[in-house]
Amino acid sequence: MVSSAAGRPSAASPVYDRIGVGYRAVRRPDPRLAALLRDALGDARTVVNVGAGAGSYEPEDLAVTAVEPSRVMLDQHPGPVKVQAGAEQLPFADGAFDAAMAVMTVHHWSDLAAGLAELRRVAGRQVVFTWDVSHRPELWLLPEYLPEIRTLEEARFTTVDEVARLMGAHTVLPFPVPHDFTDGLQTAYWRRPERFLDPGVRAANSTFAQLPAEVVDPAMERLRADLESGAWARRHADLLDLDAVDYGYRVLIADV
Ligand SMILES: C[S@@+](CC[C@H](N)C(=O)[O-])C[C@H]1O[C@@H](n2cnc3c(N)ncnc32)[C@H](O)[C@@H]1O
């Protein structure tokens with residue numbers, strides 16, 4: 001069942017209505033992150049997943065209501081209870097859910113503080129997974145090939161300290177990205193650089209998808225050449241022995 005926020009226009013999400021096609025094939029939920037998020041939800045029985053996308057990381061043992069503004073994403077969501085709405089104005093009563101989850105979505109919200117206040121209004125526990133724009137090291141892709149990504153990310157991501165402050169988070173957990181992470185977010189391929197050469201992989205990432213081809217294509221040609229010549233492997237020999245790297249992803253937990 002899909003419903004829209006009663007009596008209100010649905011929140012528009014032009015980015016994901018444009019780039020969301022094919023999301024599920026590239027952004028496959030990773031079981032290690034799923035376990036961390038499931039633990040964070042604790043003993044909740046009812047959960048609202050805000051910015052649900054195609055439903056990644058929704059625990060199968062809980063009653064989940066998916067909230068998502070993009071029709072293209074909602075159409076890929078397999079769950080039975082789906083509501084087309086934005087985080088900034090959730091169409092639910094105060095305390096309607098045991099917990100709320102928001103995974104890699106808060107950087108898309110038009111009003112972060114309003115969205116986080118809505119999570120707190122409708123759910124006893126709030127679990128947010130996001131990325132710290134101020135974290136270093138950053139992925140090699142940015143300094144070496146596409147510094148334009150950094151500019152875009154700095155414009156839309158808020159530091160984890162600030163998200164934690166707005167939420168009133170009592171717990172912040174790091175999630176180092178495993179070398180074989182299955183969910184194709186930007187840093188997923190830190191040890192598999194050839195994956196960035198696949199246009200389908202780039203299309204499922206909202207930063208790449210917003211960059212013009214005249215910026216991305218020459219950068220990817222340089223990466224291709226560096227992979228073929230071995231220059232990339234020589235520069236990053238230190239990475240090839242690592243199993244996971246902390247690139248600044250964090251799970252934040254707050255309780256009312
Ligand atoms: C990177 S996807 C993450 C989807 C899903 N949570 C996951 O982990 O795969 C970001 C999602 O946030 C949604 N979104 C954009 N603006 C939003 C808003 N104002 N409120 C709630 N969700 C929003 C997008 O449509 C998109 O589906």
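What follows is a friendly conversation between a student and a tutor about a predicted model.

Student: Before we start, which numbering and which confidence cut-offs apply here?
Tutor: Residues are numbered from 1 along each chain as its sequence is written. This is a predicted model in which local features need pLDDT of at least 70 and side-chain atom pairs count only at pLDDT 80 or more, while totals for chains, interfaces and linings use all residues.

Student: What is the mean pLDDT of the protein?
Tutor: pLDDT is the predictor's confidence in each residue, from 0 to 100. Here 94% of the residues reach 70 or more. The mean pLDDT of the protein is 92.

Student: Over which residues does pLDDT stay under 50?
Tutor: Where pLDDT is low, the predicted coordinates should not be read in detail. The stretch you ask about has 13 contacts beyond four places in sequence in the model, a contact being two residues whose C-beta atoms, placed from the backbone, lie within 7 Å. The stretch is residues 6-13.

Student: What radius of gyration does the protein have, and what would a compact globule have?
Tutor: The radius of gyration is taken over C-alpha atoms, and the globule rule is 2.2 Å times the number of residues to the power 0.38. With 256 residues, that rule gives a value near 18 Å for a compact globule. The protein agrees with it, at 18 Å.

Student: How many helices and strands does the protein have?
Tutor: Both are DSSP runs numbered from the N terminus: helices are H or I with at least four residues, and strands are E with at least two. On that basis the protein has 12 helices and 10 strands.

Student: What distance separates the end C-alpha atoms of helix H11?
Tutor: The expected span of a helix is 1.5 Å times one less than its number of residues. H11 covers residues 213-229, and its 17 residues should therefore span 24 Å. Gly230, with a positive phi near 90 degrees, follows H11. The end C-alpha atoms agree with the expected span, being apart by 24 Å.

Student: Which residues come nearest to the ligand?
Tutor: There are 23 residues around the ligand, where near means that the C-beta atom, placed from the backbone, lies within 6 Å of the molecule or strand. This shell divides into 11 nonpolar, nine polar and three charged residues; Ala, Val, Leu, Ile, Met, Phe, Trp, Tyr, Cys and Pro count as nonpolar, Asp, Glu, Lys and Arg as charged, and the others, Gly among them, as polar. The ones that come nearest are Tyr16, Gly51, Gly53, Thr105 and His108.

Student: Is Tyr16 buried or exposed?
Tutor: Tyr16 sits in helix H1, residues 14-19, and it is in contact with Ser70, Val72 and Met73 once neighbours within four places in sequence are left aside. A residue is buried if 20 or more other C-beta atoms lie within 10 Å of its own, exposed if 12 or fewer, and partly exposed in between, with C-beta atoms placed from the backbone. Because Tyr16 has 22 other C-beta atoms within 10 Å, it is buried.

Student: How many residues apart in sequence are Tyr16 and His108?
Tutor: In space, the C-alpha atoms of Tyr16 and His108 are 9.9 Å apart. Along the sequence, the separation of Tyr16 and His108 is 92 residues.

Student: Where is Met104, which has a positive phi although it is not a glycine?
Tutor: The phi of Met104 is about 50 degrees. Met104 is buried because 21 other C-beta atoms lie within 10 Å. Its place is the loop between strand S5 (97-103) and helix H5 (112-122).

Student: How many C-beta neighbours does Tyr57 have inside 10 Å?
Tutor: Tyr57 is not a glycine, yet it has a positive phi of about 70 degrees. Tyr57 lies in the loop between strand S2 (46-50) and strand S3 (63-67). It counts as buried because its C-beta neighbours inside 10 Å number 23.

Student: Which residues does a cis peptide bond join?
Tutor: The omega of this bond is about 10 degrees. Its proline is found in the loop between strand S6 (123-131) and helix H6 (141-144). The joined residues are Arg136 and Pro137.

Student: Which residues does Glu153 touch?
Tutor: Glu153 is found in helix H7, residues 147-156. With 16 C-beta neighbours inside 10 Å, Glu153 counts as partly exposed. Not counting residues up to four places away in sequence, it touches Val133 and Thr207.
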